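The following exercises ask the reader to work through a protein model step by step. Each task is followed by a worked solution.

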Amino acid sequence: MSPSSPGRARAHLWRRALALLLGMGLGLALLVSCGGSGGPEGAALPARSGAGGPGGESTATGPAATPTPDVSAPAAVRTVETYFQEINNAVRAGRLAVITSTALEGCQACALDVGVSRSLAQRGLHADSPAYQPSDITARPQAGLAATVAFTLRTATVGLLDAAGRHVEDAAGAPTRAATAQLALTANGWRIQTLRYTTAPS
């Protein structure tokens, strides 16, 4: 081997090492520029306005949000009051009463009240004043998913008018009665399950 051979060998090794280092550096640069795993370019794009950011505004106000029903005793009392108000309004307007927001479908006494409004509507008649006059409405302590509301109901005698406002006949009232409403708690709040009446002193 000539004296210069060791020098040429070392130079050759340096060139190979330099090429290897350059190759590794270029590979890393390409990996970062293409958004490789763990790099900052791989982060999620910012959310569009109104799309529901980290604050979760769309979750709180979107259609999936369900309001929590009011399970308080005053809410049970309001349900009974609203029920009789709807019956009175329907009878005075000569239309069918709609009680889906206050009573369950299986309430038989409620069905009778709705039947009265249906009968008047079919005959083209309406009442000249409110027939049902509940008073002293109080809610008893809630028991689980049920509540009891006690009240006194006076059914007044009312005049029945035709579409032209002419008096046709009178609908007789009923003696003042003590009453209780049994309510069940649903996903939409309190609903009347049954109505019970007992004779009470006038």
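**Exercise 1. Determine what share of the contacts between residues at least 6 apart in sequence joins residues at least 24 apart, and establish how far the model can be read.**

Step 1. In this predicted model, 56% of the contacts between residues at least 6 apart in sequence join residues at least 24 apart.

Step 2. The confidence is considered next. The average pLDDT of the protein is 77, and 66% of the residues score at least 70.

Step 3. Over residues 17-60 the pLDDT stays under 50, and the model has seven contacts beyond four places in sequence for this stretch. Where pLDDT is low, the predicted coordinates should not be read in detail.

Step 4. The inventory of elements comprises four helices and seven strands. Their order from the N terminus is α-α-α-α-β-β-β-β-β-β-β. Of the 202 residues in the protein, 28% are buried.

**Exercise 2. Describe how strands 1, 4 and 5 are arranged in their sheet, and state which of them stand at the edges.**

Step 1. The three strands form an open sheet with antiparallel pairing, in the order 1-4-5.

Step 2. Strand 1 (126-127) and strand 5 (167-171) each have a single partner strand and stand at the edges, so one side of each lacks a neighbour in the sheet.

Step 3. The pairing of strand 4 (residues 158-161) with strand 5 is antiparallel and rests on four bridges. Within this pairing, Leu161 lies opposite His167 of strand 5.

**Exercise 3. Trace the pairings of strand 6 with strand 3 and with strand 7.**

Step 1. Nine bridges link strand 3 (residues 146-155) to strand 6 (residues 174-186) in the antiparallel sense. Ala146 faces Ala184 of strand 6.

Step 2. Strand 6 also pairs with strand 7 (residues 189-199), again in the antiparallel sense, over 10 bridges. Here Ala181 has Leu195 in strand 7 as its bridge partner.

Step 3. The connection from strand 6 to strand 7 is a hairpin through two residues.

**Exercise 4. Establish the length of helix 4 and determine how its buried residues are placed around the axis.**

Step 1. Helix 4 contains 16 residues and spans 23 Å from its first C-alpha to its last, which is close to the 22 Å expected at 1.5 Å a residue.

Step 2. The buried residues of helix 4 are Ala109, Cys110, Asp113, Val114, Ser117 and Leu120. They cover an arc of only 150 degrees around the axis and therefore lie on the same side of helix 4.

Step 3. On the face turned away from the buried side of helix 4 are the exposed residues Gln108, Leu112 and Gln122.

Step 4. The buried residues of helix 4 are covered by elements including helix 3, strand 2 (132-139), strand 4 and strand 7.

Step 5. Just after helix 4, Gly124 adopts a positive phi of about 75 degrees.

**Exercise 5. Locate Ala103, decide whether Ala103 is buried or exposed, and identify its contacts outside the immediate sequence neighbourhood.**

Step 1. Ala103 belongs to the loop between helix 3 (73-93) and helix 4 (108-123).

Step 2. The relative accessible area of Ala103 is 8%; a residue counts as buried under 20%, so Ala103 is buried.

Step 3. Once neighbours within four places in sequence are set aside, Ala103 is in contact with Tyr83, Cys110, Arg191 and Ile192.

Step 4. Thr79 and Ala103 are 24 residues apart along the chain, and their C-alpha atoms are separated by 8.4 Å.

**Exercise 6. State how many salt bridges the structure holds, and classify the accessibility of the residues in the pairs Asp70 and Arg78, Arg95 and Glu86, and Arg166 and Asp162.**

Step 1. There are four salt bridges in the structure. Side chains of opposite charge can pair when their charged atoms come close.

Step 2. Asp70 and Arg78 meet in a salt bridge with an N to O distance of 3.1 Å. Asp70 is partly exposed at 40% relative accessibility, and Arg78 is partly exposed at 42%.

Step 3. Arg95 and Glu86 form a salt bridge at 2.8 Å, N to O. Arg95 is partly exposed at 32%, whereas Glu86 is buried at 15%.

Step 4. In the salt bridge of Arg166 with Asp162, the closest N and O atoms are 3.1 Å apart. Arg166 is exposed at 54%, whereas Asp162 is buried at 14%.

Terms used: Residues numbered from 1 in each chain as written. Predicted model: local features only at pLDDT ≥ 70, side-chain atom pairs only at ≥ 80, totals over all residues. Heavy atoms only, no water. Pairing = 2+ DSSP bridges. Buried < 20%, exposed > 50% of the residue type's maximum accessible area, 1.4 Å probe, protein only. Contact = heavy atoms within 4.5 Å. Expected span 1.5 Å × (residues − 1). Arc of directions from axis to C-beta. Salt bridge = Lys/Arg side-chain N within 4 Å of Asp/Glu carboxyl O. pLDDT = per-residue confidence, 0-100.
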